[in-house]
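Here are some notes to read alongside the coordinates. They take up one residue, one strand pair and one helix in turn.

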Amino acid sequence: MMNFRGFPAGRLECTPVPNLFINLLARIDDVAELKVTLFVMMLVYRKRSYPRYAGYTELLGCTELVQGLGGEENLRRALQAAVARGTILGLKDGEHGGEIYFINDEAGRRAYAKIESGELKIKGLSTPARISPPPEPMPDIFSLYEQNIGMLTPLVADELREAEKRYPASWIADAIREAVLHNKRNIKYVMR
């Protein structure tokens, strides 16, 4: 293993990572899936043109990624896992096999839908087809809390993790809904 000598002084190029993805890290147990998702984010956010996506050939061209994963077969498996989880969305060409991947955020979903419907054409993707169906939009308890109650602090995240160990996710979601209905938007009410 090569030791990392630290980040150089001066201005560094950075990739934005959504906070909800950071919360999702506890659920991602496949390091290859994590690496692929981060590389897709990096490639997508580097682009200035619309739509912003990462092509399979681009990912395959990231030699440090492919080598770090142990080959192309593991790259494919990791992409499938990330698509199955719903962190990225994928389209393939039904005729030629080209593949493109989007971050599953508002802009990515919008572009994905336009390409899939034929409203937007991408070179090398004449007959777009889903790589796998997008997951049902069931938000996790962390995003439910942020969307309905307030900012997710480390202490609140710990409380929710503890609740997740004790109760089914549907109960926690119901408790959050109940707190909103009674205008008691705080973690104490949710936990009761």
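1. Asn23 deserves a look to begin with, bearing in mind that the model is a predicted one. Its relative accessible area is 15%, and because buried means under 20%, Asn23 counts as buried. The residue is found in helix H1, which covers residues 19-24, and, leaving aside residues up to four places away in sequence, Asn23 touches Phe142 and Leu152.

2. Strand E2 (residues 88-93) has 5 of its 6 residues buried, and it is therefore largely enclosed by the rest of the structure. E2 is joined to strand E3 (residues 99-103) by 5 bridges, and the two strands run antiparallel. Within this pairing, Lys92 has Glu99 of E3 as its bridge partner.

3. Helix H6 comprises 12 residues (residues 106-117), which at 1.5 Å a residue should span 16 Å, and the end C-alpha atoms of H6 are indeed 16 Å apart, so the expected and modelled values agree.

4. Which residues of H6 are buried? They are Gly108, Ala111, Tyr112 and Ile115, and because these residues cover an arc of only 105° around the axis, they lie on the same side of H6. Glu106 and Ser117, by contrast, are exposed on the other side of H6.

5. A last point concerns what comes after this helix: H6 is followed by Gly118, a residue whose phi is positive, near 90°.

Notes
Residues are numbered from 1 along each chain as its sequence is written. This is a predicted model: local features need pLDDT of at least 70, side-chain atom pairs count only at pLDDT 80 or more; totals for chains, interfaces and linings use all residues. Side-chain values use heavy atoms; hydrogens and water are left out. Helices (H or I, at least four residues) and strands (E, at least two) are DSSP runs, numbered from the N terminus. Buried means under 20% relative accessible area, exposed over 50%, partly exposed in between (1.4 Å probe, protein chains only). Contact means heavy atoms within 4.5 Å. Two strands pair if DSSP finds at least two bridges between them. The expected span of a helix is 1.5 Å times one less than its number of residues. The arc is that of the directions from the helix axis to the C-beta atoms.
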